[in-house]
Each structure stands twice: as C-alpha cells, then as structure tokens.
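Hi,

Here is the structure I promised to pass on. Have a look at it first, and then read my notes below.

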Amino acid sequence: MELAAKHFKASATKALADAQLQKALGNVEKGFIGKRKKAADALPEFEALRDNARDIKNHVLAHLDLYLEEYEAKVTASGGHVHWAETAEDARRIVLEICQNANAKTVTKGKSMITEEIALNDHLSANGIEPVETDLGEYIIQLRGEHPSHIIAPAVHLNKEQVEDDFRRVHTHLKADRDLSEPVSLLSEAREVLRKRYFAADVGITGANFLIAETGTSVIVTNEGNGDLTQTLGKVHVVVASIEKIVPTLEDTAQILRVLARSATGQDMSVYTTFSTGPKREEDPDGPGEYHVVLLDNGRSSMLGTEYQDMLRCIRCGACMNHCPVYHAVGGHAYGSVYPGPMGAVLTPSLNGIDETGQLPNASTFCGRCESVCPMRIPLPKMMRHWREREFERNLTPSTARYGLKFWAFFAKRPKLYRLAASFGMPLLSMFGGTSRRFKSLPLAGGWTRYRDLPAPEGRTFLQAWAQREALKQEPLNQGAGQ
Amino acid sequence: MSALSNAAAQPRVGLFATCLVDLFRPSVGFASVKLLQQAGCEVHVPVAQTCCGQPAYNTGDRADTREIAEQVIEAFEEFDFVVAPSGSCASMLKKHYPGLFKGDTKWEERATRFSQKCHELISFLTDVMMVRDTGARLDAAITYHDSCSGLRELGVQAQPRKLLSGVEGVEIREMADSDVCCGFGGTFCVKYSDISNAIVTKKVGNIDTSGADMLLAGDLGCLMNMAGKLKRQGSNVEVRHVAEVLAGVTDQPPIAGSGK
Ligand code: SF4
C-alpha cells in the first residue's frame, strides 16, 4: 500500500468534511468505549491482569531470540515449516512460493494486519492467484478496493446502506427483492457467497494473535469463525505473523487473552479462539496437509533495545484508537498507513522511517487516553514524543514551528527579558482586546482564531501585579527586595 | 475556615504561576495565593519563572526543555512545596522533569527530589493540606471539565468536585464525557486546527447540553480553548478557572460569557 501518511493533514481535513464518515465514526465512540468499560469494571482483577500481560511481553522481548528458536524447534517437531522473512518483500515471495507449490488458484484469508502490511493481496493477484478475504469487514473492503480503517473493525468507516449497495453491485446473482437492510441479512449474504469460496480454496492464509513457544502453536481469535474455516479447509495453511507475537507458554497466552477481547470489544472472550499446531496428523479427521509459518521482522528487531521497544508489546486490540479523540474526528484512512490511531502513530514511523510519517506522532493532543486504556500499558504519548525528538534533531520539524519555538524558547530561558517583554506586551494586547475582551482575529494567530476567539489578557501580568502588591506591603527600606 | 488546622508549621510554598496565568489571567494567580494562604501556607512567587517548558518538550526540543527545567528547579527548590494552578504544568514538573536528566547523575537526583515537592493546586489543597472547605459561596450551576494531564497523569478528578460541592450556592451539573480532551493540546490546536476544532465543537456541545451556566476547569490552556469556542458560537456560558470560584475571587470579568 502506498504510504500516504505525509498527506495526513489534507486527508484529515477531507475526512472532517465527509458527513457519511462522520456519522459512521460516531459508532466507534458509541460502540466500543462503553463496552470496554463495562467489561473492565466487571472484572476486579483487570488492572492486575494488565500488569501481568505487560510483564509477560517484557520478558519475551528481553529474550526474544531464545523464544523464537524454541518456537521454531517446536513447529518443526510437529511437522510444520518455519520461514524467516526479514522484509515485506521476503515475506511476499515466500508466501507466493508456497501457494505456487500447492498449485493454488484461489486462497482464502482470515483477517490479518500483517498481510496488509506486506501488501500480500496485490502480490498474489499480480501472480494469478485470487485472494478472498473471509472476515466480513475485510470482505466488504475488498469488494470496494479499499484498505481497512481500523485494525479490528476494518469497515467501521462505512454504514450499512453503503454495504448493501456494494453487495447489490457485485453479487449480481442476487434477487432484487432480497432484503439486505440489516447487518444480519448482510452477514448471511456474505456467508452464502464465502462458503463456496472456502471449498474452492487451495491455501488458507491467516495471521496470528499469538505464537506459543512452548508448543509451537499459533493462535487466532475471531468473532465469525472465518479463521477456523480458512485454516482447516485448504490443503495448506500459511500463518503470517511478526516476530513479536511470541508468548512463552499456553498459560501466558490465556492470561493475555483475558485482556485482549475485553479491551477490544468488551467481550470476556472472542467467540472463536483457535489453536493450531502443525499440519493434520494421521488420526485427525480434517485439517491442512501442510503447515507453514512465515515469521516477519520488517524492522521490528531494530526497535529492540530502543525507546520504541515497548511498542512491541502491542496485541492489536484497537482500544487506543477506539478512545482517541483524533481518531474519532478523522477516522483510520486519514493516517495513510496500515496502522492507524495512536498505535499507528508510533509503529508506522518505526516501520517506515520518520521522514514521511512525521505528521502522525505530531497529530496528538497527548491527552493520554490511549495509554490509560492500553491493556499492555504501552506509553504511547511518550513514544510519540520520542518521534518528535527524532524529527527535531534531524531538522524535519516544519520550519514555522521550529522558528516559532526557538523565538519563544529564547525568552523562556531569559526570565528578565521575558518579564520586560511581557510587562509591555500584555497591557498592550489587553488594550487592543477592547470592550469585548476578545480577538476575533489576530496576526500570526490564525491557527487559533480561525475557529475560536482569543480571550484578551487582563492587563498587567501576574508577576508584575504581584510585585507591585508586595512592594506596597514592604518596609520602605527594602522595597521590593527579593521580588 | 477549617484549613488552618494544619498550620502548626507553616509550609513554604513556591507558586509556579504558569505562563498562561501570568500573561493572560493574573486573577488565577491571586486566587491561588489566597487559597494557599487560607490553607496555612507561606506563599512565595519567585521572579525567575517563565514557563515549565512544555511547548519545547512536546515539540521534541529536549535541549531547550532541559535548560528551562534547570532554571525552574534552581528558582524553586528551596521551598517545601511547589504548586501550580494547572494539571499539565504540575505534571510537567512532577512527572516529566526527572526523565529529562536521565544519565546525568547529579541533575537526575536533583530533579527527582524536586519533582517530589511539586503539586497541582487543587489536589495539593485537598490531599496535602487537608482542606475540606474553602468558605466560598456563589450562586451558579457549574459544570467541570477534567483536563487531560491533571486527570490521567496526576489523578485530579474527585478533588475539585469535593471542594466545589462545599461551595454554598453551587450546583454541579456533570456534562457528558467530561474526561474527554477539549482539543487544546498545546501547539496541537494551531498545528492541527481543523481537528482541534472538531474536538472542541463536541466539547462545547456537551457543555451546552449540561444546562450549566458556568464552566470550570483547572488548566488555563483548556479554558481559553473552550472559552474561545463558546464565545465564537455566541454562548453565554461563563468560563472561569476553578481556583477563582473556590477562592471567592470573581471580581474580574470571566474568561468568556456572562452567565445565562
Ligand atoms: S497499543 Fe495498546 S491499545 Fe493500542 S492496539 Fe496495541 S495493545 Fe491495543
């Protein structure tokens, strides 16, 4: 996918003017926030579980190499294959080879952000293999030729009328009088079409929510069961996952699962949690004949040992974007990258470099709500600030902001000069504020006054007024001393 | 005034007025002094103060932030407590200063010791000075906005409400999503003014729906943002810093509005 993050500002402005999108975004706020709160409040140990989940992942990240080796050994022992992909290109090539070896014409896909990250669908299509998304949201997005706008609810930017139109446009076998007015009827329509595709597919590709080192197992959670069908019906199952998805044990997985769905959708557990270990064994009634895991690095190992390491704890629950006022205002597409919202604002520069992605970590009020709900206690604002520091060091910060800041800092660092300037400036500004005590527009303050008035200052500065008040109280001998 | 109970040893408090209060709204500074003195503190206002350094810090300019932080520490470390009428500035001093000096053993320790003395005004009054009642009175239906840094970094939420509910004549009408950002975010509001406007528009809608005739908060940045939007929309909702109401210092015209 083309990285459009550098157009964030323009995309955001467009998104703000899009009435349909704004209406759909209202559902993010209404839908997710209350549900998460209810689920968290209902579980007394929720906060302790968050600490636990964080500790488990921190431990893994400190010994990632060892756990990855253990995982590979276990997968191999169970008859599966592990492929190491350093870059997105490596991963695409490996998956294509596996598909070609299986003579695949069609592959079904369970929802996977990693395959979005490596733009797998385009690569498969370009090589004559048809990828079919099986998650309802992803399926809709695929019909529309779009990208997901949310990591767990890919089509959250659409309303059901738009989906109905798309189905009528593409499912030409539909009778005109078929009722598609409700989410359930849309779902059963998609199911009917997809069911045939599952059986036609030679290869099933899924992501993984966790990779368990102890057992060589991959875990996928869904609410539609499409992950299960994708991975059991094809002859070959390919898991595409990034290296930080490792957890040491089954027990650890159970711990993190307890915070995942609660944070994401407010469920105690997702409807389907599927564990797969290796290909079908002789005694198994069904399952894939081949089991492959493609382990993607794509820049992650270079985050280890840096101030961005904590980001590798992310379990992709989406809670941060569900609670982000900026995401609520502009939606996921405005970010112009695979990962939107606060987690994307940290991850995208890590994966793609800061040069063209600098807008993302800047487009935050640092309100801290993302961090307050992140089940893995990832300090998202802190890491966005680190990105701003990298930008500043490399002179990438826009020059108006840079010079404005330098001008201000010059005074902030020189209290005497600052006081002098303020004691002249503020009374003047106060005077210009007139009787209405406000500015409707002010030179150099257009960013502010375009949408809001600027309240006029009271007049003298506080320190000026204070010094005067104190001076009146002082003995004549040491008038104002110490002030 | 019950506050004097703690006055056995008068703590020496350095008031960090914050740049916005200093420049735009001195009445908040005076209200803070009054509240602190009532609570039994000896209040000092060092002249070598400008700003806590947040604009530089959040723009990624660590070098300037550090210089400003050193200046603040030097000016204030002689006091028993350092108090700011702003959650975000107090949080800057308390939570963010030590990290600026990581690896510099001498300064890191100094900054850490300093940070422990720093407090946001309202939480300082209730949690440290054990103030239960400020003795103010005001006839108003107020609604309170929880500014983000104070709320999420310092846990300021119940404290202002507790003190406000003791103000005779005040009725609290909670707005929806009082804990959601108002869209100010320091330089964010000018760098991303479109998005900031969308966020503050929602906030102002919630303020209106609450039916309150006065909006209070503990951070002048957020207050100026919301006041600016309310004014632009022609609303009469009166906007003030919470310290002004708690101190009973409402002689200055409000930041916006004239009440309903
Ligand atoms: S950063 Fe935290 S809240 Fe956001 S998706 Fe990752 S785990 Fe969830």
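What follows is a short tour of the aromatic rings and then of the domains of chain A.

One thing to keep in mind from the start: this is a predicted model.

**Aromatic rings**

Counted over all chains, there are 17 aromatic pairs. A pair of rings is described by how far apart the centres are and by the angle between the planes.

Start with A:W466 and B:F30. Their ring centres are 6.2 Å apart and the planes make an angle of 35°, so this pair counts as tilted. It also joins two chains, because A:W466 belongs to helix α22 of chain A (residues 462–473) while B:F30 belongs to helix α2 of chain B (residues 26–38). Both A:W466 and B:F30 are buried.

Now compare B:F188 and B:Y192. Here the centres are 5.7 Å apart and the planes are at 25°; planes under 30 degrees apart count as stacked, so this pair is a stacked one. Are these two rings buried or exposed? B:F188 has a relative accessibility of 1%, so it is buried. B:Y192 is buried as well, at 6% relative accessible area.

That stacked pair has company, too: B:F188 and B:Y192 form one aromatic cluster with A:F8, A:Y327 and A:Y335. On top of that, A:K9 lies over the face of B:Y192, 5.0 Å from the ring centre. You can find a similar arrangement with an arginine: A:R316 lies over the face of A:Y339, at 5.0 Å from the ring centre.

**Domains of chain A**

The domain assignment splits chain A as follows:

- domain 1: 1–36 + 329–397
- domain 2: 43–302
- domain 3: 415–481

I looked at how domain 1 and domain 2 of chain A meet. Their centres, taken over C-alpha atoms, are 24 Å apart. In terms of contacts, 22 residues of domain 1 touch 34 residues of domain 2. Between them, these two domains bury about 2400 Å², and carbon and sulfur atoms give 59% of that area. Which residues of domain 1 lose the most area to domain 2? They are A:H333, A:M376 and A:R377, which together make up 26% of what the domain 1 side buries.

Across this interface of domain 1 and domain 2, the rule finds 2 salt bridges. While you are looking at A:R377, check its side chain: A:R377 and A:D51 meet in a salt bridge, at 2.6 Å from N to O.

That's it from me. Enjoy exploring!

Terms used:
Residues numbered from 1 in each chain as written. Chains lettered and ligands numbered in written order. Predicted model: local features only at pLDDT ≥ 70, side-chain atom pairs only at ≥ 80, totals over all residues. Heavy atoms only, no water. Phe/Tyr/Trp six-rings, centres within 6.5 Å; stacked < 30°, edge-to-face > 60°. Helix = DSSP H or I, 4+ residues; strand = E, 2+ residues; numbered from the N terminus. Buried < 20%, exposed > 50% of the residue type's maximum accessible area, 1.4 Å probe, protein only. Lys NZ or Arg CZ within 6 Å of the ring centre and 35° of its normal. Domains from an automatic or database assignment. Contact = heavy atoms within 4.5 Å. Buried area = accessible area lost by both parts, 1.4 Å probe. Salt bridge = Lys/Arg side-chain N within 4 Å of Asp/Glu carboxyl O.
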